[in-house]
Each structure stands twice: as C-alpha cells, then as structure tokens.
Amino acid sequence: MRILVTGGAGFIGSNFIKYLLENIDNEIINLDKLTYAGNLENLIDIENNSNYEFVEGDICDRKLVDKTIERKDIEGIINFAAESHVDRSIDSAIEFARTNFEGTLNLLEIARDKKIKRFLQVSTDEVYGSTLGESFRETDSLNPNNPYAASKAAADLLCHSFFKTYNFPIIITRSTNNFGPYQYPEKFLPLMITNIIEGKKIPIYGTGENVRDWIYVEDNCRAIEFIFRKGKNGQIYNIAGKNELSNLNLAKIVLSLMNESEDKIEFVADRKGHDFRYSIDDFKRRYLGSSTPSGQDYFTERLKSTIDWYKQNESWWKRIKSGEHFKEWQERNYTRRN
Ligand code: NAD
Ligand code: DAU
C-alpha cells in the first residue's frame with residue numbers, strides 16, 4: 001500500500017516508518033514540517049530505501065498535501081504530526097491548535113476529496129483526562145485538562161464527524177506514554193536517563209505520585225500497523241502498556257538500573273493542572289487480535305535496552321540538549337523566511 005505518514009521525523013513516527021519498512025511491504029511518503037522535534041537523523045538508516053521518500057512540509061499546507069497525495073497516488077494516511085509536549089502547550093497553545101486541530105482538518109478534507117481508503121489518526125489517552133478509579137474505555141466521554149490534550153480531543157471529534165457525516169474511513173488509536181529510542185529529551189524518561197548520564201539531578205514535578213502507563217514504542221507501532229489493517233472504520237482503539245507506575249517509582253527504577261542513588265531526585269514545582277493518573281482499558285484492540293507483551297520482566301528489559309540506547313547514542317541527544325539542533329533549526333527557518 002502507498003501510505004502517507006505525517007510527522008514521521010518525530011519520535012513515534014520515525015520508529016513507525018522503520019518498523020513498516022522492515023516488516024511489511026509498503027511504500028512510505030513521510031511528510032514532516034521538521035519543527036524543533038523533527039529530526040532526520042532519526043531516519044538515517046532508511047533514508048535511501050527505495051520504498052521511502054521524505055517531503056518537508058506542513059500538514060496545514062493545502063497545496064503541498066494535495067500535490068503529494070496526487071503525485072504519489074496515496075491510498076492511506078497515518079497522522080502522527082503534532083505538537084506533542086504538554087509543558088510547551090501550557091506556555092503557549094497556539095501552535096497546538098494550529099497543527100493538532102487545523103492540520104488534522106486540512107488532512108481530512110483533502111483525504112476525503114481524494115477518496116483515501118483509510119485514515120488513521122494517532123491520538124492519546126490524555127483526551128480522557130485523569131481517573132482515580134476504573135480505566136477509561138473507548139466509549140467514555142472526553143475530558144481533556146491541558147491545552148495539548150484539548151487540541152488532540154478536538155481533532156478526534158473532527159475525525160468522528162467525518163465518519164458520521166461523510167462515512168469517511170477513519171480509525172483513531174489512543175495510546176499511553178511511549179518510551180524508547182529517539183524520544184526528544186524534554187520528555188520525562190529520556191530527560192531522566194540523559195540527566196543521569198550527565199551527572200545531573202532528575203526533576204520530579206510535585207510529589208511524584210502522578211501515575212502514567214508506559215508502552216515501548218515499537219509495541220505501539222506494531223499495534224498501530226495492525227489496527228490500520230484490521231480495525232473497523234469509525235472505531236477508536238485504546239493501546240495500553242499495562243505498566244502503570246508513579247513518576248517517583250519510575251525514577252527509582254531507572255536510578256537503580258543505572259546504579260545511581262536516590263539522592264539524584266529533586267522535587268520541583270508541579271505542572272499546572274497536572275493530571276493525576278492516566279489509565280485505559282484496551283480490551284477492544286486485544287479482541288481484534290493486537291497483543292503486546294506485558295509483565296514486570298518485559299518492562300524492565302525494555303527499559304534497560306532504552307537506557308543502553310541513550311548510553312550508546314550520546315551524540316544524538318547531546319546535539320539536542322546543547323541547543324545545537326535547535327540553533328540549526330532556527331537558522332534554517334530564518335533563511336527560508338528571508
Ligand atoms: P514528536 O513531538 O516527537 O514528533 C512530532 C512530529 O510532528 C515532528 O517530527 C514534527 O516535526 C512533526 N510536526 C509538527 N507539526 C507539524 C506540522 N504542522 N506539519 C507536519 N509535521 C509536523 O511527537 P511523538 O511523541 O512522536 O508523538 C507522535 C504522535 O503520537 C502525536 O500525534 C502525539 O499526540 C501522539 N502520542 C504520543 C505519545 C507519546 O508518549 N509520545 C503517546 C500517545 C500519543
Ligand atoms: O499519555 C500520553 C502522552 O504522554 C502523550 O500524548 C504526550 O504527547 C506525551 O508527551 C506524554 O505526556 P506526559 O505529560 O504524560 O509526558 P511527560 O514525559 O511530559 O511527563 C510524564 C510524567 O512525568 C508527567 O506526570 C509529568 C512528569 N514529569 C515530566 C517532566 C518533563 C516530571 O515529573 N518531571 C519532568 O521533568
């Protein structure tokens with residue numbers, strides 16, 4: 001199948017493209033704006049693959065999206081493109097509304113016009129908000145609590161409306177927190193790992209009691225690919241990792257795996273409106289036939305391999321943390337504008 005993957009130069013998108021090219025016979029066009037979070041180094045291993053092509057561009061750019069779909073005779077779209085970091089959305093939400101909402105709308109309109117056979121929207125467990133009790137199911141109402149989550153929820157509603165109004169073939173996946181190689185080190189796990197390697201403290205928001213559920217990125221990619229092929233139009237599928245941990249406990253596990261003491265933990269001011277616990281029930285996707293290994297041993301093994309990856313790929317994250325990658329990005333944008 002000829003698939004347009006948007007946001008494929010980011011963390012999950014780049015892992016997804018590599019997974020697809022390694023495992024399934026597809027032709028992939030990666031359309032990515034290369035924001036501060038987009039990084040073509042993530043794709044160096046496959047950049048010359050004859051089944052892969054990169055197009056630099058914005059999902060809000062109607063002409064470019066239209067032309068790309070037409071030129072490559074695209075059959076399916078998987079939309080990863082997003083502003084993805086909650087703390088940044090709390091500082092300023094405008095780009096989140098633009099890319100996550102307007103960008104998705106633009107893709108939907110063009111995709112409908114081009115009679116795309118399948119459109120998968122990559123969403124998040126954050127759209128349900130926080131729960132102290134039962135895990136959320138796909139039929140639960142949306143209750144996003146931060147601007148990032150609100151922009152993702154809005155995009156989900158648009159997708160739903162395109163299915164109901166036009167019978168357009170939409171599927172939505174909502175996964176929990178991903179971890180693994182190539183995650184931008186502003187996110188909690190790679191921030192902890194890289195700070196420990198650098199001999200720095202690890203910042204824990206508030207009391208550290210907030211709970212997240214963690215899934216290894218390749219397991220999410222496998223689930224997305226499966227659901228893209230086998231899922232039913234108009235349906236939503238949660239993708240859980242079944243590894244719920246408080247941030248403090250996760251920090252302690254990472255410290256112990258890296259042979260460091262808990263003195264490295266530093267409690268800092270809490271995130272505004274910090275959701276206490278994300279938890280989803282993903283029976284529906286498992287019933288469809290998509291499964292993910294779980295259990296403490298598996299989680300620890302994946303965590304260890306992730307730590308090893310950051311140890312072995314210091315140049316990748318040091319370029320980001322030192323600001324070098326961002327500086328090049330600013331210079332590129334400046335040159336383009338002038
Ligand atoms: P990321 O920030 O690492 O990557 C986002 C990518 O989108 C970047 O390559 C960026 O350049 C690109 N992009 C941003 N704006 C764009 C635009 N206007 N046009 C084209 N490309 C644009 O994000 P990620 O962590 O890989 O997340 C990918 C998707 O998965 C997002 O939709 C996110 O909401 C969702 N998600 C992420 C997680 C997680 O734990 N990281 C969990 C659940 C869902
Ligand atoms: O749940 C899925 C979501 O997971 C995705 O939709 C988002 O795109 C992704 O960024 C992620 O959001 P979180 O806010 O859960 O991830 P983050 O890594 O920013 O934070 C994880 C937890 O760790 C959260 O409770 C806040 C806390 N934290 C985070 C940072 C950056 C800290 O305690 N200290 C930190 O320095």
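At what angle do the axes of α10 and α11 cross, and within what distance do they come? In this predicted model, the two axes come within 5 Å and cross at roughly 75°. That makes α10 roughly perpendicular to α11, since angles from 65 to 115 degrees count as roughly perpendicular. On the α10 side the contact is formed by W309, Y310, K311 and Q312, which meet E314, W316 and W317 of α11. By class, the residues of this contact comprise 4 nonpolar, 1 polar and 2 charged.

Helix α11, which spans residues 314-321, also packs against helix α6, residues 188-197. Here the angle is about 100° and the axes lie 12 Å apart. Helices α6 and α11 are therefore roughly perpendicular to each other. From α6 the contact draws on L191, T194, N195 and I197, and from α11 on E314, W317 and K321. The contact of α6 with α11 contains 3 nonpolar, 2 polar and 2 charged residues. E314 and W317 of α11 thus appear in the contact with α6 and also in the contact with α10.

Two open sheets are described next. One of them has 7 strands in the order β3-β2-β1-β4-β5-β6-β10, with parallel pairing. Its edges are formed by β3 (52-56) and β10 (235-239), each of which pairs on one side only. From one strand to the next, the twist of this sheet averages 20°. Within the sheet, β5 (residues 118-124) pairs with β6 (residues 170-175) in the parallel sense, over 6 bridges. In this pair T124 stands opposite S175 of β6. Helix α4 packs on the sheet and touches β1 (2-6), β4 (76-79), β5 and β6. The direction of α4 makes about 165° with that of β5.

The other open sheet has 3 strands, ordered β7-β9-β11, and its pairing is mixed. Strands β7 (177-179) and β11 (244-246) are at the edges; each has a single partner strand, so one side of each is left without a neighbour in the sheet. The twist in this sheet averages 45° from one strand to the next. Strand β9, residues 211-216, runs parallel to β7 and is joined to β7 by 3 bridges. N178 is placed opposite I215 of β9.

Two helices are associated with these strands. Helix α7 (residues 217-230) lies across β7 and β9 and runs at about 75° to β9. Helix α10 (residues 296-312) packs on the sheet as well, with contacts to β7, β9 and β11. The direction of α10 likewise makes about 75° with that of β9. Helix α10 therefore takes part both in the packing on this sheet and in the roughly perpendicular arrangement with α11.

The empty space in the model was also examined. Rolling a probe the size of a water molecule over the atoms shows where empty space is left. The structure holds 1 cavity of 30 Å³ or more, and the volume of the largest cavity is about 40 Å³. The lining of the largest cavity consists of F179, W214, I215, Y216, D219, G241, N243, T292, P293, Y298 and F299. Strand β9 and helix α10 each supply at least two of these residues. The largest share, 3 residues, comes from β9. The lining divides by class into 7 nonpolar, 3 polar and 1 charged. I215, one of the lining residues, is also the residue of β9 that stands opposite N178.

The second largest pocket has a volume of about 360 Å³. Its lining is made up of 17 residues, of which K33, T35, E83, E95 and W329 are the closest to the centre of the pocket. Two elements, α4 (94-113) and α12 (324-337), give two or more residues to this lining. Helix α12 gives the most, with 5 residues. The lining of the second largest pocket has 6 nonpolar, 4 polar and 7 charged residues. Helix α4 thus contributes to the lining of the second largest pocket and also packs on the sheet that contains β5 and β6.

Methods. Residues are numbered from 1 along each chain as its sequence is written. Chains are lettered from A and ligands numbered from 1 in the order in which they are written. This is a predicted model: local features need pLDDT of at least 70, side-chain atom pairs count only at pLDDT 80 or more; totals for chains, interfaces and linings use all residues. Side-chain values use heavy atoms; hydrogens and water are left out. Two strands pair if DSSP finds at least two bridges between them. Helices (H or I, at least four residues) and strands (E, at least two) are DSSP runs, numbered from the N terminus. Axes are lines fitted to C-alpha atoms, for helices over the stretch in contact, and angles run from 0 to 180 degrees between N-to-C directions. Contact means heavy atoms within 4.5 Å. On a 1 Å grid over the protein atoms alone, a cavity is a set of points where a 1.4 Å probe fits but cannot get out, and a pocket is an open set with protein on both sides within 12 Å along at least five of seven lines; lining residues have an atom within 4 Å of a point. Grid points are joined across faces, edges and corners, and a volume is the space filled by probe spheres set on the points. Ala, Val, Leu, Ile, Met, Phe, Trp, Tyr, Cys and Pro count as nonpolar, Asp, Glu, Lys and Arg as charged, and the others, Gly among them, as polar. Angles under 35 degrees count as roughly parallel, over 145 as roughly antiparallel, 65 to 115 as roughly perpendicular and the rest as oblique.
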